[in-house]
Amino acid sequence: MQQEDPELVSRGQQGDLSAFNQIVERYQSQVYNHAARILGDRTTAQDITQETFISAHRALAKFRGGSLRAWLLRIGSNLSYDFIRKSRRRAEQSLDQSLENPGFAAPSKDPSPEDSAISGELRVELQKAILALPMDQRTVLVLIDVQGLSYEEAAETTRASLGTVKSRLNRARSAVRKLIMQNRELLPAQFRRNE
Amino acid sequence: MLGLIGIRRHDSLRAMMSSYLDEQLTEAEATRFERHLSGCEECRAELDELEATAYMLRELPELELPRSLALASVPDPVPAPWFSQWVPTLATSLVGVLLVALIAGDAVGILSQAQQVEQEETVAAASEADASTAAAGAPMVESAAVPQAALGQANTAADTAAPSAEGLAVSEASADEAAPAPMAPQAALAQEAADETAETELAMGTRAAPAADQLEESTDATEEATESLEAAAAPAAMTAPSADTAPAGTQTEDAAVEALEAAVAAPSPMAALAVEAPPTGEIQRILMQDTAAKIAADQDQVPELAVSPDELEPDEGIALPLLQLEIALGALLALLASVTFWTARRPPS
């Protein structure tokens, strides 16, 4: 039987490492995907994810409830921001790497009919469009559209108001739309009707 | 105009497009947006593209994590930056201890006593500095005061020896006063002036009236003039003795008349000047009064150059620097406590 987050947090705060590792197993993929989409570098994202859970374990005593996923994603976002700040050129390099990094073009581990509809080239173009966004818009777009978080949870993660989240998401989607529509030939057939 | 309003309305509704797709608009907002959408081909096309974009983003595959990141052991404590943890705490503690010690010392009075001693030292240093300052400024003050005193004393001697010869004595003393020797020791200068005056009187008296008793009285007068001169060195007794108080003035009047006659007989320019001068008794008194007034004025100026210990005596004012220091330390303590609290409460990155 899977335990709820608050119970795992409580046990983890009392020093139960196995309980904390259950939290790690539950959210490591989301934290990793979030960092990878923001950074555009899967190797760095793995390091950031590792550091996220180490920081979370050290700060678990200060966790005061709310969404555990939002808290972990916030730690991951902040570590990603720090990484980008420390190496500004790294972001530009990651943009170039995304063109060659097969990781962002590969299909998911659970292939579905939709995967075939979105080509590897389109995935790379989408990742490039994400990395071209400002950090605040990039984070909200990845949280809601890629990670599937609710607006409220995204607001909690970014510590922004709901209106700010809506505004950032609208601008981010519009920017990605403009970039993607420059390569209409990559779009799935159902979206190419205006050609 | 209507076109501009339409553009603004179009832009404001475009900003709702993403929220409309995710059903995040209120019912009224959704109705207004749909009303606009029904009449705006551009917005309908853009809405379709935006929906396709959101769909493609949602369909991005989940990236597989190469390995599990479960912790093998409890992580080491946070290697916090050296300055963010113990430096603010240490600084806060030090300032707090210093503030407490200061307040306690202030309350007990140790610091006040220490400051009093310090103030006394300051007063002593100021007195020394004043002494040197006075020494440097003495030619300015005493060169004005002492010749006048010598003038008064010499005049007293002249009154005593020969009232008729006062003009000569004044002339002699005035000559000394006008002489460019203000830097010489004032006592010596005054002594010299008095001696010269006395010698003149003596010479005059001897030449004019060789009587032994007159000579003795003239000598007495000289001695009195010298004593008066010495007394003139005391700053509080700078007023010249009045001619009325001259003890032997009446007795030597005849001798002085004879001395005056001898002076007239002798073709001395000074004596001639004295003879040509108007009756000098009243003028002499006026001069003496004027001189005394100047001396008093000079004496009034002298204390202004010195720093009176009374003025530097510590009293209630000593508490002011301590209070300011305590307030400053208190403010610093509050600031450091805030920094310490902030660094301790800072959430993980």
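**Helix packing, salt bridges and the contact between chains A and B**

Trainee: What covers the buried residues of helix 9 of chain A?

Mentor: This is a predicted model in which local features need pLDDT of at least 70 and side-chain atom pairs count only at pLDDT 80 or more, while totals for chains, interfaces and linings use all residues. Residues are numbered from 1 along each chain as its sequence is written, chains are lettered from A and ligands numbered from 1 in the order in which they are written, and side-chain values use heavy atoms, with hydrogens and water left out. The buried residues of helix 9 (buried: under 20% relative accessible area; exposed: over 50%; partly exposed: in between; 1.4 Å probe, protein chains only) are Tyr151(A), Glu153(A), Ala154(A), Ala155(A) and Thr157(A). Their cover includes helix 2 of chain B, together with helix 4 (68–86), helix 8 (135–146) and helix 10 of chain A.

Trainee: How many helices and strands make up the secondary structure of chain A?

Mentor: Helices (H or I, at least four residues) and strands (E, at least two) are DSSP runs, numbered from the N terminus. Along the sequence, chain A reads α-α-α-α-α-α-α-α-α-α. Of its 195 residues, 54% are buried. The secondary structure amounts to ten helices and zero strands.

Trainee: Where does helix 2 of chain A bend?

Mentor: Helix 2 spans residues 17–39 of chain A, and 18 of its 23 residues are buried. After this helix comes Gly40(A), with a positive phi near 75 degrees. A bend is the angle between axes fitted to the seven residues ending at a residue and the seven starting there. By this criterion helix 2 of chain A bends by about 50 degrees at Tyr27(A).

Trainee: How many residues apart in sequence are the parts that Arg69(A) and Glu153(A) tie together?

Mentor: A salt bridge is a side-chain nitrogen of Lys or Arg within 4 Å of a carboxyl oxygen of Asp or Glu. Arg69(A) and Glu153(A) form one, with their closest N and O atoms 2.7 Å apart. Since Arg69(A) belongs to helix 4 of chain A and Glu153(A) to helix 9, the parts joined are separated in sequence by 84 residues.

Trainee: Are Arg69(A) and Glu153(A) buried or exposed?

Mentor: Glu153(A) is among the buried residues of helix 9 of chain A. Its partner Arg69(A) has that status too, and both residues are buried.

Trainee: By how much of a helical turn are Asp82(A) and Arg85(A) separated?

Mentor: These two residues form a salt bridge with closest N and O atoms 2.5 Å apart. Asp82(A) is partly exposed at 21% relative accessibility, whereas Arg85(A) is exposed at 52%. Because they stand three residues apart in helix 4 of chain A, the separation is about one helical turn.

Trainee: Which residue of chain B does the side chain of Arg173(A) meet in a salt bridge?

Mentor: Within chain A, Arg173(A) pairs with Asp145(A), their closest N and O atoms being 2.7 Å apart. That pair ties helix 10 to helix 8 of chain A, so it spans parts 28 residues apart in sequence. Both residues are buried. In chain B, at 2.8 Å from N to O, the partner of Arg173(A) is Asp22(B).

Trainee: Which residues in chain B lose the most area to chain A?

Mentor: In this interface 44 residues of chain B are in contact (heavy atoms within 4.5 Å) with 58 residues of chain A. The buried area, meaning the accessible area (1.4 Å probe) that two parts lose on being put together, summed over both, is about 4,700 Å², with 59% from carbon and sulfur atoms. Together giving 16% of what the chain B side buries, the residues that lose the most are Met56(B), Leu63(B) and Leu71(B).

Trainee: How many salt bridges are there between chain B and chain A?

Mentor: The structure holds twelve salt bridges over all chains. A network of them links Arg177(A), Arg14(B), Glu46(B) and Glu49(B). Between chain B and chain A the count is three.

Trainee: In which loop is Arg159(A) found?

Mentor: Arg159(A) follows helix 9 of chain A and has a positive phi near 55 degrees, although the residue is not glycine. Arg159(A) is exposed, at 60% relative accessible area. Its place is the loop between helix 9 (151–158) and helix 10 (162–180) of chain A.
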